[in-house]
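Trainee: Could you take one part of this model, its nonpolar interior, and go through it closely? I would like to know which residues and elements build it.

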Amino acid sequence: MPARSRHVAAFVAALLLALAWTTTAVGTSGDAQVSVGSPSTPFSQNKQNEPALAVDAAHPNVLVAGANDNIDMEACNAGDPTTCPFTRGVGVSGVYFSFDSGSTWTQPTYTGLTARDCLGPAPCTPTVGPIGTLPWYYEAGLSSGGDPAVAFGPRPSNGGFSWANGSRLYYANLAANLPGTAAFRGAEAVAVSRTDDVAAAAAGDKGAWMPPVIVTRQSNTTFSDKEQIWADNAASSPFFGNVYICNASFLSNSRGNASPVPIVVSRSTDGGATWRTKQASAAVSNVQHGFSSGCTVRTDS
């Protein structure tokens, strides 16, 4: 068996073992629908993918999920059907909350740029209205671009971190400029949203969320992609409370192609307000040299 095939087989075996252990440890109480606020029709408003999940270490019954969610997109028969499933400027970063260890879920509604009332066949013009995705992007000249990554960490207070201060939820995703705006340079950036009050956020309180912060260093030819996030949640760690995001940085306007694509890591020491970014791998330019288009970041004590 080729080395690459052995690695894939080993990964699949490890994944199946982990899933089996999780089922045994947690129990089998049945499935629960997460995207409870999304409609059953039309397509693509009923479409979600690429889910992510975080558990609040200080309150293990509190779970938050993210997904690419098309709930606010126009129906596919609206205007030019070849543009389906996207509507320019409309965000796709869905968020969902559970306060009973995942047995039931809430999908809140906020306000922002939406096309959910564009049901066709007339062409769609997005308007400000109800959204089922992250808030404050439209107001910042941005649209949330999916690739969700979520993590809980301790809330900062008085220049330090402590679980006694409460928990902070971080939601990292891709972001694009709204048509006609230039909030950042390049095609796609990594942004992070934060809330210290998940109960209010789950209840639809837009004010519970802080405005999104652009994390990545951007040039005119940068397409940031495939980010992951983690907060150091071990009080015994000298870096307790630090937040880390890694992502692939497609350069030279490659937009998802491999020319070139270093992995970069960003760190925040102030609860996600500011970030510093460093390149973590070589900016190789083709498949023959081998390249990484995704990453995962974790910490321990």
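**The nonpolar core and strand E2**

Mentor: The largest nonpolar core contains 25 residues, and those with the most contacts inside it are Val95, Phe97, Tyr110, Phe152, Leu169 and Trp209. Such a core is a set of buried Ala, Val, Leu, Ile, Met, Phe, Trp, Tyr and Cys residues joined through side-chain atoms within 4.5 Å, where buried stands for under 20% relative accessible area, exposed for over 50% and partly exposed for what lies in between, with a 1.4 Å probe and protein chains only. This is a predicted model, in which local features need pLDDT of at least 70 and side-chain atom pairs count only at pLDDT 80 or more, while totals for chains, interfaces and linings use all residues. Residues are numbered from 1 along each chain as its sequence is written, and side-chain values use heavy atoms, with hydrogens and water left out.

Turning to the elements, those that give two or more residues to the largest core are E1, E3, strand E7 (149-154), strand E10 (167-177), strand E11 (189-195) and helix H2 (198-202); helices (H or I, at least four residues) and strands (E, at least two) are DSSP runs, numbered from the N terminus. Helix H2 supplies the largest share of this core, four residues. Another core lies apart from it, with 14 residues, including Tyr170, Leu174, Val190 and Trp275.

Leu169 is a useful residue to follow from here. When residues up to four places away in sequence are not counted, Leu169 touches Val64, Phe97, Val150, Ala151, Phe152, Ser193, Arg194, Thr195, Val198 and Trp209, a contact being heavy atoms within 4.5 Å. Two of these partners, Phe97 and Trp209, are also among the residues with the most contacts inside the largest core.

Another partner, Val64, leads to strand E2. This strand covers residues 63-69, and seven of its seven residues are buried. Neither face is left uncovered, since Leu63, Ala65, Ala67 and Asp69 on one side are buried, as are Val64, Gly66 and Asn68 on the other.

The neighbours of E2 in the pairing are E1 and E3. Strand E1 (residues 48-55) pairs with E2 in the antiparallel sense over six bridges, two strands being paired if DSSP finds at least two bridges between them. Within this pair, asparagine 49 stands opposite asparagine 68 in E2. Strand E3 (residues 93-98) also runs antiparallel to E2, and six bridges join them; here leucine 63 has serine 98 in E3 as its bridge partner. Both E1 and E3 are among the elements that give two or more residues to the largest core.
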